[in-house]
Amino acid sequence: MSVTVTIPTPLRGFTGGADAVELGGGTVGEVIDGLLAAHGGLKRHLMQDDGRLRNFVNLYLNDTDIRHLASTETPVQAGDVLTIVPSIAGGSPAVETELPKLSHAEVLRYSRHLLLPEVGVEGQRKLKAARVLTIGAGGLGSPLSLYLAAAGVGTIGIVDFDVVDLTNLQRQIVHGTSTLGKTKLESAKARLTDLNPNLKVESHDARLSAANALEIIREYDIVVDGTDNFPTRYLVNDACVLLDKPNVYGSIFRFEGQASVFYAKEGPCYRCLYSEPPPPGLVPSCAEGGVLGVLPGIIGSIQALETIKLIIGAGDSLIGRLVLFDALKLKFRELKLRKDPDCPLCGEHPTIHELIDYEAFCGIGAVPAYQGPEIVAEQLKDELSQKADDVILIDVREPHEWEIAHIEGARLIPLGQLPDRIPELDGHAEIVTYCHKGSRSMKALEILRGAGHSRVRSLAGGIDAWAARIEPGMARY
Amino acid sequence: MSLRLTDALLEEIRRHGAAAYPAECCGAMVGRSAGNGTGGKEVVRLWPAVNRRTDDPHRYLIAPDDLRRLEREVRAEGLEIVGYYHSHPDHPAAPSAYDTAHAWPWYSYLIVRIEQGQPREAASYTLDPERPLMHPEPLEVLSEV
């Protein structure tokens, strides 16, 4: 069994000038052992001190990199050609002096990372040096900040202005029952630094806005967007493009989620994908539409994964790809994203050079929503007890919300069915509509008014206000 | 041993470095070597490479697949790869520890310093056959008439 090993020019000084050597052996490893036995001077150039191949030495068996085969265990046959191909690598000294060292305790803590050649000591030191900003410490922010903290990211900045609420705990796993009522910043910082005391948490107690976004984001290497609304999503995107930062994006709704990495230097930005926001109110938020608690765990973990890959430079990034996840079908789909040459932000002739008013851009406040007459919960209670027969009370929520709780005497007509069911209503009756917190009810009012009903009012604050003030025993959600 | 190239080629390397700033540029130097690798080398043309390291502006990597293609191409022309060039943004034109750790013997490694986007001095090095040390080699820059 004879295999031809071709020797690249730089190594021929060690084979007496020969450009090929014939050797026997059953596997790639055995052939290499034979080569080193015959030409000992090659050893220090091909092998590390631990006897493994240097990472910039590539072996091709015929036309395939042996890393794609069984590495040095790959069997060889007579007539095979084993080619030594150099990778050429180098760089200026800046990084070597800048990357922080790992303590013995850190080496132990991250040992499962250090065993991965793709991470290794250098990758772990890069994680330690990294500064990552997460926007929001909610559904997505929880898992991704936990995993980033555990992975050894040195500095995590968090922007949030909210407090921990009981409805958060179904999915926001960085918080707990013991931190109810505390700020999310305080709650997350305590949990994250308990998980990893090496971590430095930088708290930004603010709502991210055009006034503070550049100043905050500028200080970080990577931004992870865990926001739940369009104005902030466009704001984060635009600030990242203007500052040349990668933006690790994720979003969730009910049972579906999506993730990508927007990095205008190397691929598309969020505006290349969605040049215009949807009309206000068309896409319900998780607070309105619900979300399965595990879903942000999956999407947030993908965001943490992509962040770590960006930091250590391993694998294929989600830049230019959008991953769509359907939890009920348990299916991942992938869309290729192209950079839009006409993108007003990152295209060939950009027209956006600074941050804008994102609330207005997303139509919030620009077109005032319909404002019909309201009735407060106390007055509704009085009217229902005095003249229940004269008032038609319509619950415009969905049947599954009705099951959680409803007001005695109400009729369920979900908002989507209302236009078709108007004939059921007495045209002269007094109508009061209600929903969860008041916004769908206002839309119902608009529909009823449009159909000619003039004596219509909406319960201010919805059933939530009713439960809070009139029926304390009623379940809230 | 020495590395010879024309001032036009050196200028091309300097421009490549300035264009890539603040990231590093890299490329191969294609030419001839005298006496089967024992004498000096002459650069005939350059092959600007795609830097496969995009995660870190202080690193460069020329992938093996790119090099295999180039090898085949230059062999057909009766030439060979005599070395590689890369830039050091805001750092001296001297090999870093990382450069030395990844160097191959025999090849010339030409480094050009780019200071604030402006190309500065260039110098060439070869690896000691015993590793892990790089020695400067004479750089002969020829003026074209």
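Begin by selecting residues 391-395 and residues 430-434 of chain A, which are strands E16 and E18, and you will find them running parallel and joined by five bridges. Within this pair, A:Ile392 has A:Ile431 of E18(A) as its bridge partner. Keep in mind throughout the tour that this is a predicted model.

**The five-stranded sheet of chain A**

Now widen the selection to the whole sheet around this pair, an open sheet of five strands in the order E15-E19-E18-E16-E17 of chain A, with parallel pairing. At its edges are strand E15 (374-375) and strand E17 (411-412) of chain A, each of which pairs on one side only.

From E18(A), step across to E19(A), since these two strands run parallel and are joined by three bridges. Here the bridge partner of A:Val432 is A:Arg457 in E19(A). If you follow the chain from E18(A) through H18(A) to E19(A), you trace a β-α-β crossover that is right-handed. Going on to the edge, E19(A) also pairs with E15(A), in the parallel sense and over two bridges, and there A:Ile375 has A:Leu459 of E19(A) as its bridge partner.

Which residues of E19(A) are buried on its two faces? Select A:Val456 and A:Ser458 on one side, then A:Arg457 and A:Leu459 on the other, and you have the buried residues that show both faces of E19(A) to be covered.

Next, bring in the helices that lie over this sheet. Helix H15 (residues 377-387) of chain A lies across E15, E16, E18 and strand E19 (456-459) of chain A, and its direction makes an angle of about 130° with E16(A). Helix H18 (residues 439-450) of chain A, the helix of the crossover, lies across E16, E18 and E19 of chain A, running at about 175° to E19(A).

**The eight-stranded sheet of chain A**

Stay in chain A and select a second open sheet, in which eight strands follow the order E9-E8-E7-E10-E11-E12-E13-E14 with mixed pairing. Strand E9 (200-205) and strand E14 (331-336) of chain A stand at the edges with a single partner strand each, so each of them has one side without a neighbour in the sheet. Looking along the sheet, you can follow a twist that averages 15° from one strand to the next.

Inside this sheet, pick strand E7 (residues 131-135) and strand E10 (residues 222-225) of chain A, which run parallel and are joined by four bridges; the bridge partner of A:Thr134 in E10(A) is A:Val224. Two helices are worth adding to the view. Helix H10 (residues 230-243) of chain A lies across E7, E10, strand E11 (247-253) and strand E12 (256-262) of chain A, at about 165° to E10(A), while H13(A) lies across E7, E10, E11, E12 and strand E13 (321-326) of chain A, at about 170° to E11(A).

H13(A) also leads to the next stop, helix H6 (residues 120-129) of chain A, where the buried residues include A:Gly123, A:Gln124 and A:Leu127. Among the elements that cover the buried residues of H6(A) are helix H5 (111-114), helix H7 (141-151) and helix H13 (295-312) of chain A.

Before leaving, colour the whole of chain A by element, and you will have 19 helices and 19 strands to look through. Of the 477 residues in chain A, 37% are buried.

**Where chain A meets chain B**

Show both chains together and select their contact, to which chain B gives 34 residues and chain A gives 25 residues. On the side of chain B that touches chain A, strand E4 (60-62), helix H2 (64-76), strand E5 (80-89) and helix H3 (97-102) of chain B each supply at least two residues. Which of these elements gives the most? That is E5(B), with six residues. Coloured by class, this side of chain B has 16 nonpolar, nine polar and nine charged residues.

A pairing of strands also links the chains: strand E6 (residues 88-90) of chain A pairs with E4(B) in the antiparallel sense over three bridges, and A:Gly90 has B:Tyr60 as its bridge partner there.

**Two hairpins in chain B**

Finish in chain B with strand E6 (residues 108-115) and strand E7 (residues 118-127), an antiparallel pair with six bridges, in which B:Val112 is the bridge partner of B:Ala122. Two residues lie between the strands of this hairpin, and B:Gln116 takes a positive phi near 50°. E7(B) then forms another hairpin with E8(B), with six residues between them and B:Arg131 in the turn at a positive phi of about 50°.

Terms used
Residues are numbered from 1 along each chain as its sequence is written. Chains are lettered from A and ligands numbered from 1 in the order in which they are written. This is a predicted model: local features need pLDDT of at least 70, side-chain atom pairs count only at pLDDT 80 or more; totals for chains, interfaces and linings use all residues. Two residues are in contact if their C-beta atoms, placed from the backbone, lie within 7 Å. Ala, Val, Leu, Ile, Met, Phe, Trp, Tyr, Cys and Pro count as nonpolar, Asp, Glu, Lys and Arg as charged, and the others, Gly among them, as polar. Two strands pair if DSSP finds at least two bridges between them. A residue is buried if 20 or more other C-beta atoms lie within 10 Å of its own, exposed if 12 or fewer, and partly exposed in between; C-beta atoms are placed from the backbone. Axes are lines fitted to C-alpha atoms, for helices over the stretch in contact, and angles run from 0 to 180 degrees between N-to-C directions. A crossover is right-handed if, with the strands pointing away from the viewer, the path from the first strand over the helix to the second runs clockwise.
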